[in-house]
Number of protein chains: 2
Amino acid sequence: MPERKEFRDLAPPEEAHDAIASLDLTPGAEMVPLAEARGRVLADRLDADLDVPGFDRASVDGYAVQAADTFGADEADPARLELIGEVHAGEVPEVTVGPGECAEISTGAVVPDGADAVVMVERTDRASGSDGVLVRTSVAPSDRIMFAGADVAAGERALGPGTRITAREIGLLSALGVDEVPVRGRPTVGIVSTGDELVRPGDSLESEAGQIYDVNSYTVAAGVAEAGGDPELYPHAGDDREEMERVLREAADECDLVLSSGSTSASAVDVIYRVIEERGELLLHGVAVKPGKPMLIGTLDDSAYIGLPGYPVSALTIFRTFVAPAIRRAAGEPEPAGATVAGEMAVEERYAEGRLRYMPAGLVTDRDGDTLVYPVDKGSGATTSLVEADGVVAVDPDTEYLSEGETVDVRLFSPEVRPPSLFGVGEDDPALARLLDRVDRPRYLGQGSRPGLRRVRDGVADVAVTSGPQTDRVDTEELGAWRREWGLVVPEGNPSDVAGLDSLVDDDLAFVNRTTDSGLRTSLSNALAALADERGVDRHDLVDAVDGFDRAVRAHESPARRVLAGKADAGLGLRATAEKLGLGFVPVGTETVRVLAVPERVDKPGVQRLREAVAESGDILDALPGYARSDKG
Amino acid sequence: MPERKEFRDLAPPEEAHDAIASLDLTPGAEMVPLAEARGRVLADRLDADLDVPGFDRASVDGYAVQAADTFGADEADPARLELIGEVHAGEVPEVTVGPGECAEISTGAVVPDGADAVVMVERTDRASGSDGVLVRTSVAPSDRIMFAGADVAAGERALGPGTRITAREIGLLSALGVDEVPVRGRPTVGIVSTGDELVRPGDSLESEAGQIYDVNSYTVAAGVAEAGGDPELYPHAGDDREEMERVLREAADECDLVLSSGSTSASAVDVIYRVIEERGELLLHGVAVKPGKPMLIGTLDDSAYIGLPGYPVSALTIFRTFVAPAIRRAAGEPEPAGATVAGEMAVEERYAEGRLRYMPAGLVTDRDGDTLVYPVDKGSGATTSLVEADGVVAVDPDTEYLSEGETVDVRLFSPEVRPPSLFGVGEDDPALARLLDRVDRPRYLGQGSRPGLRRVRDGVADVAVTSGPQTDRVDTEELGAWRREWGLVVPEGNPSDVAGLDSLVDDDLAFVNRTTDSGLRTSLSNALAALADERGVDRHDLVDAVDGFDRAVRAHESPARRVLAGKADAGLGLRATAEKLGLGFVPVGTETVRVLAVPERVDKPGVQRLREAVAESGDILDALPGYARSDKG
């Protein structure tokens, strides 16, 4: 077994920030076409080098005149001027306006020589059957003329360095005729994925060989782009030392910063250490934060190098906390507004450790629209924590607990993140999945009936969805319900002639159950109890007779998929699942799926919307085999 | 003169919203690669079609064991297991763990058959010189194993339609192996530019022919992209009717929506009317809002058509108010958070008209960081209003005035817009332009010394910058000052042998002055007064003797540029400008440029930063000919 690197001397987080700040990530400025400048940051001051407008310009449709000719004119006593020609926008004037003369002029046209004012057409009349124009108002010199340079004058400061280019800046740049804009370069960030077990999304996966899809490379790449960097994914290097060194050095050669996220293999870490020691400098390894302990900071050839932890939520948290600010600084991007929100802890959270902790947190709004914060920690590196958490709360090393109701600041994973319109926890159900499509921005965790009721009781979730017999007593308001047919999912054609629960108990069938959090499992247990009563035996004996009663999997399709994969003879499941997967189905019973809301949160728009969706769920229930409206409903 | 279209029956704004809502802009869904999915909106629900992880996975480095073998083990009395092999991440296990056996296992590796738990390496020791492993703790079945599907189970709802894809969603999609994502299409918006006078940025401009750069096309295109649409600029159609019809119909054929922004020419409007009447339907023309009266809404062939007003601020205001929400709906984008801010009116604003008015407004923070709002209205379609305004305030038709201190909501032009760190108004000066580069996000309007002092007195600006003798009495705190040499800018080599103010008065020189808001003009007037005293004549006689004393242009380089263009013999200006432009210079005097802050706002970070920048301005003053520190400073 290779020696594993230990991180015994953990650096304080400030040292990690300082070490990263000491790295030079700033690329040179670059020129981009105006049409691609939106969202970029101006590199240099831009002074106007022409006047806008570039000529004395008529502000209205009317007549160019010598103002003195109109003095004293009014409705009753118009001045009569001789019309000597016309000037349209985009034309060189072919006339010169003398005393007693006027020229028709369009908005935007060049005021012709001789004229010093423009009269609006609405205050004039054409003298009938002649070349005369009657001017029924008196105008002063300069009236209705925008002089050359009045908008922007050549030599004026137009935009300063560091300006973020939005629609309005593009307007000013257009007016100045600028078609190429000097902008801050985006730091190029090379992302090196290591680990023999990682496969790129889209490639085929050999689960039996322990392969998993590479999550961090794409997540971190998206984070790099959000921070204003230019992510570059490098080909997967596996754990081959030479190949990994080659890829790391290639990335260092081509990028301002190289990021790798923790390979789980010790050999990958060894290679990175060795390459940095030989080709660069290790500035810091190990930071006293949780997660993030194994962070590495250093240089590699002429590039900066940062190693992120391996679990997705940890990698994204450390990236956003330590690396994204450095990328933004290098790109000239401001810290995003609204990247932090305050909220009250929905539940108490206790800590044992004396390290700065970044607690992944979810947001939910209460009935008043105020933000509540709850900890999200599935541990064990679940990727779903990524979408269940909205951000992180930094908890001081000396904080022993966060009390319920305490106000905390949540740093959002993305500035766009907002609390979901609805937060539900409960049964995993295909009708519910479709109903949720009709709610704008819901969050739903299919953790089972019991966790759903528990989260509702804790004041965290708005809605619990239960199935089967409801045992926990929690004060809720039912938004609606439907029924679903359940039973045993068996291979296509039912080759073992499974005939119901009797077969499960009496035959030699490899069965797959659901986990204890599932309401469906309770329905099965109750049905087995009823069978035991019928047979006059102890229910535990029947349960023991089922080969695989405790072989439990998590989601509603999971047992059926084991059957589909040939790994089981029968699985607990729904008729809808059996038909979807082309499997056989032996019905056992029907159970009710209930959507239950926290009474005080029934008026939340998302909860209301879900209630409406359940009320209008006919099309969805009709399309799912074995589904029906609840009798109660 | 062609008949001009009048908009006498103006529709209420709600009808314009309804008419636009009736247009179908929604494009079909499209597939994009995962790496390009960031920022897009998911079109369909995405259910997991594989388990994550796809196998029972070790959560730690250690040994795969049968838990029963460890029961009762502790530090004092370890269980001794036989090591039969090892399993690394990404490998198919080659061992089966039997009773009394264990296999070395890496984090992320497949738990081998037979094993039902993993012991952390930290709780074990290798028995010296043998194949034995001492396990110093008792583990339960399932310990340190993440079971297949525990993170995401096949069949579970992963992401719902309408989800905005950020880094975290990309993480989940990666975990599911998704490399192509079904996203909402971006509505294609064709932008047709009309008007013979418009020239694309980058092309050369004939100012004498009244040409101006096309501002609206690029501004609106940026607005379209900000709203989630895909802008497409069509070639400039000029005012040729056939060509314009061809371009409009081509855009309608290729796009979901065609936008044109008001050509100033009546003939362009005529063509658009005729094409819509022949090839589509005019739903609405003329809306009772200011600006925006001439808005058109209709259909053209199978596409939607909207005509925007011509002035840039009006076009962007109407675009953001009426069109952007429709593009966002079509793209599935949420209304951006933080697109509206509340603030107090810094000054009173009165209205005469009975129409809904969108008042362009600027933001400035007071000493407490609270937001103040002030009207920005240069009228006359100035493009600079674009960058001087941060958004618009909707003012009801029956509102006669907004009082100072009244709270109003400002709809920002872009969600990124924030109040500037510093708002200054005053003299246009090249040293100041460079000093402002050292302040983060300043706003500075070079409107002259007098407007600067007025805006400071009104409580709108933080800072005024004055030059020359200061006449207005306003309570300010001087942040710093410098001196600049001024005089007469003449052609290179001074061909008319201009020798100073005497030449200006006595010779036949065409002169260009600055406007009355400029402090430099006051310096000139005072110098002429001194010369009059010296000669014992009336100062007005001397002023009258200058050919062009009232030929006034706005910015510090403007007179010099008239000289450079051969349109004047001498211009009021700075030595620095003459040297920059390669012109001759006849010195007359030096004047002091003062940076004056509102005393209560001296502590604003932007004001502080400017004060520091002035204090450290040595390099800038040294580099500008004729510049020096102020004696006072």
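# Two chains and their sheets

Modeller: Chain B superposes on chain A by a rotation of 180° with 0.0 Å of shift along its axis, at an RMSD of 0.1 Å; the fit is by least squares on the C-alpha atoms of residues with pLDDT of at least 70 in both copies. The structure is a predicted model, in which local features need pLDDT of at least 70, side-chain atom pairs count only at pLDDT 80 or more, and totals for chains, interfaces and linings use all residues. Residues are numbered from 1 along each chain as its sequence is written, while chains are lettered from A and ligands numbered from 1 in the order in which they are written.

Colleague: What relation do the 180° and the 0.0 Å of shift describe?

Modeller: Two copies of a chain are related by a rotation about an axis and a shift along it. Here the relation is that of a two-fold axis. The same surface serves both copies, since 99% of the contact residues of chain B recur in chain A. Contact means that the C-beta atoms of two residues, placed from the backbone, lie within 7 Å.

Colleague: How many residues of chain B are in contact with chain A, and which element gives the most?

Modeller: On chain B, 103 residues are in contact with 103 residues of chain A. Elements that each supply at least two residues to that side of chain B include H2, helix H3 (216-226) and helix H6 (312-331). H2(B) gives the most, with eight residues. Helices (H or I, at least four residues) and strands (E, at least two) are DSSP runs, numbered from the N terminus.

Colleague: How do helix H3 of chain A and helix H2 of chain B cross?

Modeller: Axes are lines fitted to C-alpha atoms, for helices over the stretch in contact, and angles run from 0 to 180 degrees between N-to-C directions. The axes of H3(A) (residues 216-226) and H2(B) (residues 167-175) come within 8 Å and cross at roughly 160°. That makes the two helices roughly antiparallel, a word for angles over 145 degrees. Among the residues that meet there are A:Tyr218 and A:Ala222 in H3(A), and B:Ile170 and B:Ser174 in H2(B).

Colleague: What else does H3(A) lie across?

Modeller: H3(A) lies across strand E13 (188-192), E16, strand E17 (257-261) and E21 of chain A, running at about 160° to E16(A). Those strands belong to an open sheet of six, in the order E16-E13-E17-E21-E20-E18, with mixed pairing. Two strands pair if DSSP finds at least two bridges between them.

Colleague: Which strands of this sheet stand at the edges?

Modeller: Strand E16 (230-233) and strand E18 (280-285) of chain A do; each has a single partner strand, so one side of each is left without a neighbour in the sheet. Neighbouring strands are turned by 20° against each other on average, direction ignored. E18(A) pairs with strand E20 (residues 296-300) of chain A in the antiparallel sense over five bridges, and A:His285 has A:Leu296 in E20(A) as its bridge partner. Helix H1 (residues 13-21) of chain A packs on the sheet, touching E18, E20 and strand E21 (303-308) of chain A.

Colleague: What strand order does the open sheet of six strands in chain B have?

Modeller: The order is E7-E4-E6-E5-E9-E8, with mixed pairing. Strand E7 (117-120) and strand E8 (124-126) of chain B are its edge strands, each pairing on one side only. The twist averages 40° from one strand to the next. Inside it, four bridges join strand E5 (residues 79-87) of chain B to strand E6 (residues 101-105) of chain B, which run parallel. B:Glu86 stands opposite B:Glu104 in E6(B).

Terms used:
Parallel < 35°, antiparallel > 145°, perpendicular 65-115°, else oblique.
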